[in-house]
Amino acid sequence: MKTSIKNIFTTVLFLTFSIAFAQNIEGVVTNSENQPLLAANIVIKGTTISTISDENGKFSIDTKGKLPLTILVQYIGYKTLEIEVTAITTIPVQVILVEENQLVEVVVSSRRRIEKVQDVPIAVSVITGKQAEQAGAFNVNRIKELVPSVQLYSSNPRNTGINIRSLGSPFGLTNDGIDPGVGFYVDGVYYARPAATTLDFIDVEQIEVLRGPQGSLFGKNTTSGAFNITTRKPSFKSGADFEVSYGNYAFLQAKASITGAISKKLAGRISFSGTQRDGLIDNVATGRATNTLNNQGIRGQLLYTPSEITNILFAADITTQRPDGYAQVVAGVAPTKRAAYRQFDAIIKDLNYQLPSQNAFDRKIDHDTPWRSGQDLGGLSLTIDTKIGNGTLTSTTAWRFWNWDPSNDRDFTGLQVLAKSQNPTRQTQTTQEVRFAGQVTSTLSGVVGAFFIDQTSTTNGTEESGNAQRRFSQSTTSNQWSTPGLFEGYGIKTDASIRSSSAAVFGQLDWAITERLHILPGVRYNFDKKDADYKRTTYGGLQTTDPALLALKKLVYTDQAFTSSTDNTDFSGNLTISFKATDKINVYATYAKSYKPVGVNVAGLPSNSAGLPLLELAVIKPEKVNHYELGVKTSPFKNSIFNLTFFNTDITDFQTNVQAAELGVNRGYLANADKVQVKGAELDASFVISSHLTINGAVTYADGKYVKFTNAPLPLEETGSAVSFKDVSGSALPGASKWAGSLGGELSDQARFFGNSGKIFLAIDSYARSEFSSSPSASKYLVVDGYALFNARLGFRATEGLSVQFWGRNIFDKDYYEQLLPAGGNTGQYAGVLGDQRTYGITLKYVL
């Protein structure tokens with residue numbers, strides 16, 4: 001019997017209850033070898049009341065006087081235990097559990113309650129902090145390798161878009177005038193800037209990726225999904241963990257977290273993360289490698305418990321990035337419809353210039369304008385949870401800031417076409433959310449809340465021409481283009497600002513018609529207001545009164561100024577029917593009517609033939625979304641999950657990004673596509689084949705297309721055509737791969753290392769996606785080929801003490817692009833955002 005139990009990694013938990021306090025349940029958590037388990041998670045089901053076991057396995061949790069109740073006991077690698085408590089008792093309870101896949105029993109808080117993920121009628125993927133650490137997923141860009149429905153595109157932190165199911169943010173350059181379609185929350189605080197997704201995770205407990213519209217559960221309405229990230233909270237029991245990683249290209253990453261009691265009712269936690277790495281691309285002009293990593297972050301928390309029913313959490317964080325990075329490499333040249341002398345190859349021949357390499361994967365550049373991508377992001381938050389009746393009232397108040405200090409070489413060459421290209425931005429936001437979640441009657445529970453956000457963003461940019469601008473901008477055969485000094489130092493100063501405010505009330509009910517059949521209606525009412533100011537002023541270049549020369553200068557840059565103000569209200573909602581056919585089969589169907597708020601252009605507008613801005617493009621209509629989803633969550637046999645989801649999303653007035661041929665439209669501009677559609681299916685599976693082998697995988701099929709888009713921008717190769725727009729109806733959405741998937745497995749066995757009990761393991765993870773368009777209008781030159789990546793790790797891990805891991809990423813050294821994008825001015829050359837080459841290293845972690 002003992003051998004059998006050992007072979008299947010059986011865990012025995014002895015829970016001994018006493019009446020030390022009239023309303024406290026106390027116990028001890030141990031394993032089969034009678035060793036205490038530190039940091040087991042003990043939760044009162046259906047509430048946010050929780051605690052963890054100490055180094056002796058002991059815990060005490062306050063019942064708040066509510067009996068009967070159910071306690072969930074969780075420990076990574078073991079099946080969650082549910083204990084029904086009807087009365088405080090001194091009788092010891094013995095329970096035997098079999099180790100199995102933690103994904104089966106992982107719990108989430110997305111519906112503002114603690115519940116098993118398999119019971120939630122939402123398509124959601126969960127990555128624990130430990131899973132992310134072990135896979136080397138220290139930011140969202142790497143999470144996409146674990147959740148293939150997620151796509152993240154970043155040519156630099158500002159120009160970052162995160163999509164779920166091919167929807168969320170316009171593909172390409174970022175415009176402050178619209179809201180993201182994927183929400184990003186950390187401990188209940190909404191982060192408005194997509195740049196936050198490029199930062200390193202700090203002390204993450206769990207990442208929940210919700211797919212589909214989320215408007216009746218979260219403060220900010222989102223049309224495509226949400227990241228709900230929770231960090232580890234302060235503990236009254238002292239603890240600490242330290243981690244350091246070292247790899248090739250001088251990769252160095254250090255993490256630390258310390259927690260403990262400050263007084264009887266006050267606990268704290270402070271966490272740090274720092275990452276450095278040498279560059280991956282050689283700049284032959286400077287003799288230095290570029291695209292480095294240089295990130296530091298710190299997060300502090302104070303937990304105050306003034307009474308048994310109230311928790312107050314104060315948090316502060318700041319993260320900085322100072323890389324010499326985000327350079328892009330010329331990936332190719334597309335012939336355009338312009339005259340022969342205006343083709344890229346003809347231009348650089350006249351200037352006696354050659355690219356340092358014709359192969360982007362030689363990873364060589366000669367850029368003469370420095371790349372700089374400095375950003376600071378941080379904030380303060382105060383969250384108060386207090387129990388009222390059978391529910392919890394939560395207030396979350398937060399203030400955040402984002403400072404962006406860039407420099408770019410937008411011509412991607414060593415020529416002085418653009419001597420300067422930089423648009424520093426300062427953004428601040430204030431948010432307030434109040435919500436109540438709880439049980440209304442024995443069959444009715446729900447969430448109701450209100451949300452407000454006010455944010456301001458200001459940009460003071462500079463773009464300046466160099467001595468090669470004359471040749472790249474030349475649009476006639478006039479010799480006057482070669483007038484000495486005509487364009488050198490000629491540029492624009494940009495002052496742009498936007499203030500955006502949004503207020504909403506939202507709610508969702510869960511009506512249990514029977515124990516197995518639930519109906520969940522949700523509603524939301526939203527008000528949005530946006531005010532934008534844009535002013536662009538030319539300066540420099542040759543000072544002349546010659547009308548012909550002035551006309552040439554205006555072909556490159558012109559003054560432009562406009563203001564726009566708009567507001568919009570919207571009523572949206574959703575309806576879900578959930579039916580638990582058996583204990584192992586949960587089926588749900590959802591219809592959601594959602595929207596993305598009205599937008600404004602705040603980065604310049606294209607001009608008409610008279611040189612005047614097209615003001616009709618200043619305001620962008622809101623997106624209107626109709627979403628249908630059918631899902632089934634199953635556990636077909638012991639230690640397994642097999643979930644399947646079908647979805648169809650139709651969007652009217654889709655907000656898309658257009659890269660203008662005019663240099664003056666220096667960030668691109670926004671437009672509405674008449675209608676788009678994304679339909680597809682998702683499969684998530686996890687299996688414990690034996691006590692030594694686990695396998696998990698996910699596959700996404702998404703067919704995303706423009707149903708109707710008649711005024712789309714011209715693709716790169718059609719620049720210079722007699723028309724300015726193109727009908728791309730029926731073509732694929734940018735950034736949308738039809739197929740994406742991940743597959744991984746781990747082989748493990750019990751072992752001891754330096755006196756610590758734990759596991760020795762070998763794990764392999766893979767991620768693949770099919771080709772996708774990298775342009776708002778499909779271009780045959782801007783198609784990113786499909787690729788597959790493989791990662792591996794080998795090591796020993798323990799709950800406490802020393803863990804060690806050897807890891808390799810992209811172990812087959814696959815060359816691939818993450819994105820392709822045209823150079824400013826659309827002269828034919830286009831550049832690639834390169835995926836990282838093979839990296840490898842070692843990670844040491846010590847838990848006290």
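Two strands pair if DSSP finds at least two bridges between them. The structure used in these exercises is a predicted model.

**Exercise 1.** Find which residue in β22 is the bridge partner of D282, and place both strands in their sheet.

Solution.
Step 1. Strand β21 covers residues 281-283, and three bridges join this strand to β22. The two strands run antiparallel.
Step 2. The partner of D282 in β22 is A289.
Step 3. The sheet is open, has three strands in the order β22-β21-β26, and shows mixed pairing. Its edge strands, β22 (288-290) and β26 (364-365), each pair on one side only.

**Exercise 2.** Decide whether I318 is buried, partly exposed or exposed, and name the surface patch that contains this residue.

Solution.
Step 1. I318 lies in strand β24, residues 310-321.
Step 2. Buried means under 20% relative accessible area and exposed means over 50%. I318 has a relative accessible area of 39%, so this residue is partly exposed.
Step 3. I318 belongs to a nonpolar surface patch with F242, I258, I270, F272, I298, Y846 and L848. Together the patch residues have about 700 Å² of accessible area.

**Exercise 3.** Describe the largest nonpolar core and the surroundings of L820.

Solution.
Step 1. The largest nonpolar core has 34 residues, and L820 is among those with the most contacts inside it, as are F412 and Y830.
Step 2. At least two core residues come from each of β25 (329-333), α5 (344-350), β50 (817-822) and β51 (829-834). β51 gives the largest share, four residues.
Step 3. Apart from neighbours within four places in sequence, L820 contacts residues including A331, S774, Y781 and Y830.

Key
Residues numbered from 1 in each chain as written. Predicted model: local features only at pLDDT ≥ 70, side-chain atom pairs only at ≥ 80, totals over all residues. Heavy atoms only, no water. Patch = residues over 30% accessible without salt bridge, like charges linked within 9 Å, V, L, I, M, F, W, Y side chains within 5 Å. Areas by Shrake-Rupley, 256 points an atom, 1.4 Å probe, with all protein chains shown as cover. Salt bridge = Lys/Arg side-chain N within 4 Å of Asp/Glu carboxyl O. Buried < 20%, exposed > 50% of the residue type's maximum accessible area, 1.4 Å probe, protein only. Core = buried A, V, L, I, M, F, W, Y, C linked by side-chain atoms within 4.5 Å. Contact = heavy atoms within 4.5 Å.
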